Amino acid sequence: MSWTQAEVRELKEGRYIIIDDEPCKILSIQTSKPGKHGEAKARIDAVGIFDGSKRSVVFPVKHKVQVPVIDKRSAQVLAITGNEVQLMDMQTYEQFTLPIDEEMKAQIETGKEIQYVEAMGRRKIMRI
């Protein structure tokens, strides 16, 4: 798996974290004050990149968490077949197929350039 470690206090909104083996984008972070015998804790609300489900976790601020390595790339649309699209990476010229979301289906055309993300061995189309 391609990830790095970071402390919870280093995380910011809009960055990424791994929760339940799923790369997630951080929506909000709330930090509580340390108690009399405890340490400060942070509540992280995030949404999964690939499944879109919301998740929230609570960790001590000094706790180390996994941060996925997100690779943003561009590709050219080669062919559209049903609910899948065949793409060619613009840097490596690798060809692969990805599923199309319903809201993006009308915008995708052969020959157009799209942006996709690759994280932990999975890919998803982000924008056209």
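Which residue takes a positive phi near 60° in the hairpin of β8 and β9? Good morning, colleagues; that residue is Tyr93, in a hairpin that has 5 residues between its strands. I shall come back to this hairpin after a short introduction to the chain.

This is a predicted model, in which local features need pLDDT of at least 70, side-chain atom pairs count only at pLDDT 80 or more, and totals for chains, interfaces and linings use all residues. Residues are numbered from 1 along each chain as its sequence is written, and side-chain values use heavy atoms, with hydrogens and water left out.

Let me begin with confidence. The pLDDT is the predictor's confidence in each residue, from 0 to 100. The chain averages 89, and 99% of the residues score at least 70. Among the elements, strand β4 (residues 41–48) has the highest mean pLDDT, at 94, and β11 the lowest, at 87.

I turn to the overall architecture. The chain contains 11 strands and 0 helices; here helices (H or I, at least four residues) and strands (E, at least two) are DSSP runs, numbered from the N terminus. The radius of gyration of the chain is 18 Å, well over the 14 Å that the globule rule gives for 128 residues, so the chain is more spread out than a compact globule. That radius is taken over C-alpha atoms, and the globule rule is 2.2 Å times the number of residues to the power 0.38. Along its principal axes the C-alpha trace spans about 60 × 30 × 20 Å. Of the 128 residues, 34% are buried. For accessibility, buried means under 20% relative accessible area, exposed means over 50%, and partly exposed lies in between (1.4 Å probe, protein chains only).

Now to the hairpin. Strands β8 and β9 run antiparallel and are joined by 5 bridges; two strands pair if DSSP finds at least two bridges between them. One such contact involves Leu87, whose bridge partner in β9 is Phe96. Strand β9 has two faces: Phe96 and Leu98 are on the covered one, while Gln95, Thr97 and Pro99 are on the uncovered one.

Phe96 also has a charged neighbour. Arg123 lies over the face of Phe96, at 4.1 Å from the ring centre. A charge sits over a ring if NZ of Lys or CZ of Arg is within 6 Å of the ring centre and within 35 degrees of the ring normal.

Arg123 has a further partner, which brings me to charge pairs. Side chains of opposite charge can pair when their charged atoms come close. A salt bridge is a side-chain nitrogen of Lys or Arg within 4 Å of a carboxyl oxygen of Asp or Glu, and by this rule the count comes to 9. In one of them, Glu94 meets Arg123, with the closest N and O atoms 3.2 Å apart. Glu94 lies in the loop between β8 (84–89) and β9 (95–99) and Arg123 in strand β11, so the pair ties together parts that are 29 residues apart in sequence. Both residues are partly exposed, Glu94 with a relative accessible area of 36% and Arg123 with 22%. Elsewhere, salt bridges that share partners join Asp20, Asp51 and Arg55 into one network.

Another salt bridge is formed by the side chains of Glu22 and Arg122, at 2.8 Å from N to O. This pair links distant parts of the chain, with Glu22 in strand β3 (residues 22–31) and Arg122 in strand β11 (residues 122–127), 100 residues apart. Is Glu22 buried or exposed? Glu22 is buried, at 8% relative accessible area, whereas Arg122 is partly exposed, at 35%.

A third example is Arg73 with Asp71, whose closest N and O atoms are 2.7 Å apart. Arg73 is partly exposed at 22% relative accessibility, and Asp71 is partly exposed at 31%.

Finally, I return to backbone angles. Asp20, a member of the network just described, lies in the loop between β2 (16–19) and β3. Although Asp20 is not a glycine, its phi is positive, at about 55°. Asp21 lies in the loop between β2 and β3 and has a positive phi near 60°, again in a residue other than glycine. Asp20 is exposed at 65% relative accessibility, and Asp21 is exposed with a relative accessible area of 61%.
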